[in-house]
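Thanks for coming. I have one model to go through today, so let me put it on the screen.

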Amino acid sequence: MRQSSLFRPTLSRLAAAAVLAIGCLASTAASAQTPVRKFPTTQLNIGIHLIKAEVAQSEAEREQGLMFRDKMGDNEGMLFLFGQPAGVCMWMKNTLIPLSVAFMDEKGVIINIEEMKEQTLDSHCAKRAAVYALEMNKGWFKQKNIKPGAKIEGLPQ
């Protein structure tokens, strides 16, 4: 009898662990199959460089951003509209690709550009109040020699 009473809790623990593992696998599979929501696009330009940018303007759209995307085209990005000048920061929760972000004022002039590592919770903030943020593949601005002070044209008002 002593042996069976020891055996039961062990089986219960094993069963509980198996249920937990199956639940985790199902959750992972469900998130892997979560459809990525695409947003309406607009065309922007910085000098000779054309950008196809998805536009995130509601709070829910800005929160989702580029989460769960596994790639983005060479001249594609995501434009975040904040409506009015504000202190804004970005992070990379559930974002699978490394990105660069340019923070802009109400005229579209780049305030600062930050490099962001994928799947981190580090804050990357505008150095002063910003109205827009544009996320591109990591290094895009540097490769195009685009620096703070450059102006992005075609921004929605």
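**Disulfide, two backbone outliers and one arginine**

I will start with the link between Cys 89 and Cys 125, which is right-handed, with 105 degrees about the S-S bond. It ties together distant parts of the chain: Cys 89 belongs to strand S4, residues 89-90, and Cys 125 to strand S7, residues 124-125, with the two positions 36 residues apart in numbering. Please keep in mind that this is a predicted model. The S to S distance for Cys 89 and Cys 125 comes out at 1.9 Å. How many disulfides does a search of the whole structure find? One.

Is either cysteine buried or exposed? Neither, because both fall in the range between: Cys 89 has a relative accessible area of 43%, and Cys 125 has 30%. Both ends of the link therefore count as partly exposed.

Next, the backbone. Two residues that are not glycine have a positive phi, and I will take them in order along the chain.

Phe 68 has a phi near 70 degrees. Phe 68 sits in the loop that runs from helix H2, residues 59-64, to strand S3, residues 76-86. With a relative accessible area of 38%, the Phe 68 residue is partly exposed.

The other is Asn 94, where phi is about 60 degrees. Asn 94 is in the loop between S4 and strand S5, the latter covering 99-104. S4 is also the strand that holds Cys 89. Asn 94 has a relative accessibility of 29%, so it too is classed as partly exposed.

Now back to the loop between H2 and S3, for Arg 69. Is this arginine, Arg 69, buried or exposed? Arg 69 is buried, because its relative accessible area is 6% and the limit for that label is under 20%. Phe 68, in that loop as well, is partly exposed at 38%.

What does the side chain of Arg 69 pair with? The side chain of Glu 54, through a polar contact of 2.8 Å. Setting aside neighbours within four places in sequence, the contacts of Arg 69 include Val 36, Arg 37, Lys 38 and Phe 39. Glu 54 appears among the contacts again, together with Met 78, Leu 96 and Ile 97. Of these, Met 78 falls within the residue range of S3, 76-86.

That is what I have on this model. I will leave the view on Arg 69 and Glu 54, with their 2.8 Å side-chain contact, for the discussion.

Key
Residues are numbered from 1 along each chain as its sequence is written. This is a predicted model: local features need pLDDT of at least 70, side-chain atom pairs count only at pLDDT 80 or more; totals for chains, interfaces and linings use all residues. Side-chain values use heavy atoms; hydrogens and water are left out. A disulfide is a pair of cysteine sulfur atoms within 2.5 Å. Helices (H or I, at least four residues) and strands (E, at least two) are DSSP runs, numbered from the N terminus. Buried means under 20% relative accessible area, exposed over 50%, partly exposed in between (1.4 Å probe, protein chains only). A polar contact is a pair of N or O atoms within 3.5 Å; within protein, one must be able to donate a hydrogen and the other to accept it, and residues adjacent in sequence count only if both atoms are side-chain atoms. Contact means heavy atoms within 4.5 Å.
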